[in-house]
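Me: I've got a model open and would like to know what stands behind the words people use for it. Can you take me through it?

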Amino acid sequence: MSSLDHSATAIPASSGNVPKFRRIAVGFRRWWPYYVMLAPGLVFFLIWHYLPIWEAKMAFEQVRIIPPNIWVGLKHFQTLFSSPVFYQVLANTLIISTLKIIFVFPVPIIVALLLNEVRSGKLRKFVQSAIYLPHFLSWVVIAGIFIAILSPSDGAVNQITGFFGAQPTAFMTDGNSSRWVLVFSEIWRSAGWDSLLYLAAIIGIDQSLYEAAELDGANRWQKVLHVTIPGIVPTIATLFILNMGMFLSADLNQVINFLNDVNRGQIDILDTYVYRIGLKTGEYSLATAAGLFKAVFGMILILSAHFVSKRLTGKGVW
Amino acid sequence: MASAPRGTAIRRTPLERIEYAIIVTTLLALVVVTLQPILNLVAVSFSDPAKVAGKSGLDIWPSGFSLDVWLLLLQHPNVQRGILNSILITGVATAIGVIGTALMAWGLSRPKLPFRRAIFILVLITIVFEPGIIPDYFLMKRMGLLDSYWSVILYKAVNAWYLIILVRFFEEVPEELIEAAELDGANAFQTFFQVVLPLAKPALATIALFYLVFHWNEFFRAMIYLTDQTKYPLQVVLRQFVVEGDKLAIVGAENAANNIGVAQINLKALKAGMIIITILPILAIYPLILKFFTKGTMSGALKG
């Protein structure tokens with residue numbers, strides 16, 4: 001590529017024979033306004049996403065009140081991996097994510113299938129408008145709503161179970177039910193909105209497939225089973241893999257609003273653990289080490305999810 | 001769209017009618033399960049506070065009627081400050097977010113931009129690798145932004161996902177349009193602001209709504225970065241009061257001790273009112289959300 005012709009007669013920018021610095025110069029003259037527009041956003045990314053990576057070296061240091069910190073290598077990781085609490089929160093994270101995959105993930109698919117059967121456009125719109133709402137509420141609000149619903153004295157759930165003769169249960173402070181509270185609040189929040197993704201996929205199904213099925217005398221169930229579901233399998237696969245990619249997260253914003261001293265043994269997850277030992281008890285380095293553990297394995301999961309998804313369905317995480 | 005009458009000539013059998021009734025009933029039950037808890041809180045907040053204790057969670061109608069809860073909350077300094085703080089943070093952060101994202105997305109959407117791929121990868125890495133909340137916190141500290149509104153406003157001011165959505169949108173802008181503008185003597189900035197942006201209004205509105213909802217609902221960063229309680233956004237005030245059960249956050253130590261003012265109002269009613277106040281802005285823009293988000297998601301952007 002590098003040019004033989006150094007006589008600097010004006011050569012059009014598109015020519016491959018221009019010296020490299022000159023091509024860059026010409027390119028710059030053409031593109032600088034775009035870089036100016038890019039710059040503010042790019043600087044934000046560099047500051048808020050790349051500088052923290054530098055700060056994370058704290059995981060390998062002894063933090064001292066008077067700098068500089070001392071390099072201690074993997075000491076904090078050794079402490080972390082020999083701490084029973086760490087394995088407890090890791091187990092909680094994995095259990096909660098597994099419960100969500102099993103019990104939350106299928107719900108929006110069912111909701112979408114049901115919505116698709118509704119013939120009246122008005123009714124469908126009404127149902128959609130209602131069930132999308134919780135997705136846009138904060139977890140603080142949803143926790144507040146669930147505290148009210150689950151109140152042992154007058155909450156709706158205990159009113160209903162009481163009607164069938166059950167004793168009131170304080171679900172929010174009952175260790176046995178706390179994981180299920182996470183599952184149900186997640187369903188309440190996301191089942192409606194997530195069904196939209198499947199509904200979009202269903203709409204994309206070729207109508208002639210339904211007509212053909214009807215000609216073959218297929219009933220409602222057969223059409224769902226043999227046309228609709230096969231038609232949305234790629235979407236299901238993509239979203240399933242995406243969910244797997246977030247397996248180590250289990251949603252900090254949710255859990256932190258349902259966590260209390262009674263249910264800590266069941267729903268304390270990696271992120272809440274990092275928050276507690278880091279910002280509450282001040283074990284910065286240990287917390288950063290735990291955070292890095294999650295970051296690295298989370299990265300491996302997301303990348304695997306991306307490439308598996310791309311391979312299987314042609315659609316990646318981004 | 002979803003199920004335009006497929007083969008209208010088909011006669012429904014009784015079994016099909018029953019099936020259909022079950023489907024509709026199930027969906028209506030979902031609507032009830034979604035809305036009833038919210039309606040119950042509205043009812044509690046408008047009830048006569050004296051009649052709230054023991055009011056069934058299944059009720060959606062006020063017992064008696066009183067504006068006491070609403071008046072007390074809306075005149076309460078912590079609530080008022082919370083509302084103002086939330087509006088300030090949400091407003092400024094959304095403005096910065098939309099402008100920063102739009103400008104960056106436009107640059108990144110030009111297929112021939114040198115280093116385009118490198119910058120893209122730089123952005124994608126941030127989605128994949130997040131070093132965690134402690135390094136974020138120490139960065140804030142090092143920059144002297146702890147306990148400042150800016151810590152909450154600037155934190156991830158440009159969102160990688162929203163950026164990707166906008167880049168995908170801008171990539172669809174026909175190249176001829178831009179060339180035509182340049183032939184007319186417009187420079188890159190004029191082309192962007194006068195030709196591209198007007199085209200992108202629906203996409204920008206969608207992104208603005210994304211940011212608006214995100215910042216209004218954000219509580220965790222505010223909770224860890226802000227120590228001065230007078231800077232707390234509404235979500236954090238709500239969290240203190242309802243989730244952490246710190247009744248003094250609203251009732252106030254002095255009132256509680258002397259059982260005056262707010263302290264005389266039933267806590268349950270106050271909590272219900274607080275939750276509804278926090279939801280109100282979302283409810284106010286919900287019609288817009290339905291219009292833009294539903295369309296945006298339907299046309300292929302994967303997650304919101």
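Reply: Sure, here is how some of the labels follow from the values. This is a predicted model, where local features need pLDDT of at least 70, side-chain atom pairs count only at pLDDT 80 or more, and totals for chains, interfaces and linings use all residues. Residues are numbered from 1 along each chain as its sequence is written, while chains are lettered from A and ligands numbered from 1 in the order in which they are written.

Me: What makes chain A more spread out than a compact globule?
Reply: Chain A has 14 helices and two strands, counted as DSSP runs (helices H or I, at least four residues; strands E, at least two). Its radius of gyration is 27 Å, and the globule rule gives 20 Å for 318 residues, so chain A comes out well over that. The radius is taken over C-alpha atoms, and the rule is 2.2 Å times the number of residues to the power 0.38. Those C-alpha atoms fill a box of roughly 95 × 70 × 30 Å along the principal axes.

Me: Why is helix 6 of chain A called roughly parallel to helix 12 of chain B?
Reply: The axes of helix 6 (residues 139-149) of chain A and helix 12 (residues 234-243) of chain B cross at roughly 25° and come within 9 Å. Angles under 35 degrees count as roughly parallel, so that label fits this pair.

Me: Which residues of helix 6 of chain A meet helix 12 of chain B?
Reply: A:Val140, A:Ala143, A:Gly144 and A:Ile147 do, and their partners include B:Leu238 and B:Arg239. Contact here is C-beta atoms, placed from the backbone, within 7 Å.

Methods. Axes fitted to C-alpha atoms, helices over the stretch in contact; angles between N-to-C directions. Parallel < 35°, antiparallel > 145°, perpendicular 65-115°, else oblique. Contact = placed C-beta atoms within 7 Å.
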